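Morning, everyone. Please pull up the structure on your screens, and I will walk through it chain by chain.

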Amino acid sequence: MIEIDRLRFAYEAIQMEFSLQVSRGECLAIIGPSGAGKSTLLSLVGGFETPLSGRIVIDGKNIGDLRPDARPVTTLFQEHNLFAHLSVEQNIGLALDPGLKLTAAHRQEIGEALERVGLSGMDRRMPAELSGGQRQRVALARTLARRKPVLLLDEPFSALDPPLRRSMLNLVDDIRRDRDMTILMVSHLPDDAERIAQRVAYIENGRVLGVYETGRLFGNDPPAEIAAYLHKPAES
Amino acid sequence: MRAASSTAVTRWLPGGVAFAWVAGLIGLPLIALSAAAPGGQIVEALADPYIRHVVLFSLWQAILSTGLSIALAVPVAVALARRPDWLGTKIFLRLFNLALVAPAMIAILGIATVHGRSGWVNDLVAAVGFERGHYLYGLFGILLAHVFFNMPLAARVFLRSIEDVPPENWRLASQLGMDFRAIFRLIDWPAMRRVLPGVAAAVFMLCFTSFAVVLTLGGGPWATTIEVAIYQALRIEFDIPRAVALAGVQIAICLVLGAAFLWSGRVGTGFFATERRPFPRPDVDHPVGRMIDCAALALAFGLVGAPLAAVLVSGLNGTSMAVLFDDVLWRAVGRSLVVAVLAGGLSLGLGFGLLHGVRLLRTGYGWHRLANTVELTGALPLIAPPLMLASGLFLLLRPFADVLSVGLYLTVLVNALMGLPFVLRVLAPAMARADDETRRLCLDLGIDGWNRLRLVDWPLVRGAAALAFAIAATLAAGDVGVIALFGSQDTETLPLLLYRRMGAYQMEAAAVTAMVLAGLCVALFWVIETFVGGRKR
């Protein structure tokens, strides 16, 4: 259970204040126009930005003062999820030991995580030898190895072509069910939300304007306040 | 393309002339010297155990200097990268720039002021009640001076390589909870390792061919590099075969090293493009890291900052007025100024010419391999011993020139060559960028040759050209090699005057001279950058 309570932050001219509740095991999509503060909200939860005030409570514990690595969350970014000079195995291994002293048990776990994302036997490869989709799979394998209950997705698949994106989303959805993970997913593609989210939060100008059941949002009768956004031609 | 035939000559002229100059200035002296030394005598000289000792010592001190410079540069670079907000970091980046262009003689005087028998360290030792020690002259002094010059060089390159790490890596490191040790081992060090072979090769080459430092601080025949042995063979023993033999060994070793380096130069894995959003390093708060950084910067200050400070402090003493109002000083200043501007200007001209030719070969005709070879000739002065070039030129010019005044001409010619690698280093990327940006447009509009250079290239590369000119001129102003070989009282430049005063143990007069030389170099650099470079946008 995630509870975001009047979390305030200022970026350039935008004053933001977020309040949001997410249940355990739920996938909540966050949509809205660019510059609305979607990624900022994830950065605040992930611990990469410091809020002016407000609270982030996860499973009854206020995590606002914890360093990023000590929070019960892990983030998958759009790019730069891997160290380019470290191998696939080392990149995943960092989740198990941040000093990269890997034991046989660690290696086995890395192998299992790779198998889960469909990249068995790729452990010796360097990131530059992988496709964009494979790189994000490696990053996803690392989030599995970290065993954090909350996964934050900051448009990690938006650079991939549609079939690949769909298969990655399905993989994420399967993992959520297996592990009972809670997911916050930022996307500028409503289609992504429709595919795996139970609920969708709409953000504009640094505020959560509403949270809706996915079915209602994409049905015949979307809420009036976001109909304009949804009917905009999709950005390429 | 009928009109092309009439302009073909002018198109090839700049590159051709520059290439002929460089090849001639390197090739002819070596041929002249070899002709003056019968082959049998060269072989005989090579068999001399003294030569073997000199070669081994040159290699040994260069290995030690390179190892020490790099071992110290690593923690210093990490400290600078971790603490961009510290006042010390800002001071250091300035100091390091000074150390990079400081003439060897100034640094040597500063080091002698700090580490000499009556220097600052010994004053401190005596004040606590111990005996003053001799430790400056010999291998230790050579290492001190080489670390002074090369540690900042290596630290700058390392710092740049760490700054090139995509900032997103710091976000990742904080998400994964990497501590300062893990960050050093897994991010900083891999970044530095990518540039390590290049840095090590450059530092090794500079130390291996070191002249002024070894001449003044070596302290005797035991601690002699090949370059200094060439000087002694020519100036003291008039032994041309030995000088040729020594030069041959030096060129051979440098060529082998250079070739090995080029051959081993592989492209690294490379980082992905970055969004360039700033993310803070997560390792700045660790108390142990903070202590290590303090220690590294303190050590760097002792090694680099103290000698520079010593030049300023000791420059103001009881003899200041007498030295400053002496004509000898100002005549030397005048000669150094002329040498600097002529050598720097010639260097810049050669650099422009070579690059013009290279561009013609590369983008005009698509002969990339030939273009690369021509560009590489610009790096040849790095391995050719300047004293050999000067001596060969002396033999060639002797029939035509006044032997007593020839020293200054030789200094200009040889320093123009010595500055060329640095000129190319700065100018080549700027010229390449200008070409990328404007080639199609110039082809379309028919702007070519001199017009293109004047109207298109010059405004684009002016800043880089001024920096190249300033570096070459400052190097020439501070050079003590060629003029030490051929200089006399009547052709004495400022660094030579400084060398003579230090040799005569007139330390106070020497300190004032060093301060004036430092002032000359700073002023030269500033004037050229400001007036040639134009206003910064």
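Chain A has eight helices and 10 strands. Its radius of gyration is 18 Å, close to the 18 Å from the globule rule for 236 residues, so chain A is as compact as a globular protein of that length. Keep in mind that this is a predicted model. The C-alpha trace of chain A spans about 55 × 40 × 35 Å along its principal axes. Of its 236 residues, 40% are buried. Now take the contacts in chain A between residues at least 6 apart in sequence. Of these, 65% join residues at least 24 apart.

Two backbone spots in chain A next. Start with A:Glu155. This residue sits in the loop between strand S7 (150-154) and helix H5 (162-179) of chain A. Its phi is near 50°, a positive value in a residue other than glycine. Is A:Glu155 buried or exposed? Neither label fits: A:Glu155 has 19 C-beta neighbours inside 10 Å, and therefore counts as partly exposed. The cut-off for buried is 20 or more.

Then A:Asp180. Find it in the loop between H5 and strand S8 (182-186) of chain A. Phi of A:Asp180 is near 55°, again positive and again not a glycine. A:Asp180 has 9 C-beta neighbours inside 10 Å, so it counts as exposed.

On to chain B. This one has 22 helices and zero strands. The radius of gyration of chain B is 24 Å, and the globule rule gives 24 Å for 537 residues, so chain B is as compact as a globular protein of that length. The C-alpha trace of chain B spans about 80 × 65 × 50 Å along its principal axes. Buried residues are 47% of the 537 in chain B. For contacts in chain B between residues at least 6 apart in sequence, 84% join residues at least 24 apart.

Here is a helix pair to look at. Helix H7 (residues 139-163) and helix H13 (residues 287-315) of chain B have axes that come within 9 Å and cross at roughly 115°. The crossing of H7(B) and H13(B) is left-handed. Which residues make the contact? From H7(B), they are B:Val147, B:Phe148, B:Met151 and B:Pro152. From H13(B), they are B:Leu303, B:Val304 and B:Pro307. By class, this contact has seven nonpolar residues, no polar and no charged.

Now helix H17 (residues 386-397) of chain B. At 1.5 Å a residue, its 12 residues should span 16 Å, and the end C-alpha atoms are 16 Å apart, which agrees. Why call H17(B) largely enclosed by the rest of the structure? Because nine of its 12 residues are buried. Among them are B:Leu387, B:Met388, B:Gly392 and B:Phe394.

One tryptophan, then. B:Trp189 is in helix H9 (residues 180-208) of chain B. B:Trp189 has 16 C-beta neighbours inside 10 Å, so it counts as partly exposed. Its C-alpha atom is 9.0 Å from that of B:Val78, and the two residues are 111 apart along the chain.

Last, the interface. How many residues of each chain are in contact across it? 21 residues of chain A are in contact with 19 residues of chain B. On the chain A side, strand S6 (73-76) and helix H2 (88-96) are the elements that give two or more residues. That side of chain A has 11 nonpolar, seven polar and three charged residues.

That is the tour. Thanks.

Technical notes:
Residues are numbered from 1 along each chain as its sequence is written. Chains are lettered from A and ligands numbered from 1 in the order in which they are written. This is a predicted model: local features need pLDDT of at least 70, side-chain atom pairs count only at pLDDT 80 or more; totals for chains, interfaces and linings use all residues. Two residues are in contact if their C-beta atoms, placed from the backbone, lie within 7 Å. Helices (H or I, at least four residues) and strands (E, at least two) are DSSP runs, numbered from the N terminus. Ala, Val, Leu, Ile, Met, Phe, Trp, Tyr, Cys and Pro count as nonpolar, Asp, Glu, Lys and Arg as charged, and the others, Gly among them, as polar. The radius of gyration is taken over C-alpha atoms; the globule rule is 2.2 Å times the number of residues to the power 0.38. Axes are lines fitted to C-alpha atoms, for helices over the stretch in contact, and angles run from 0 to 180 degrees between N-to-C directions. A crossing is left-handed if the near helix is turned anticlockwise from the far one by less than a right angle, and right-handed if clockwise. The expected span of a helix is 1.5 Å times one less than its number of residues.
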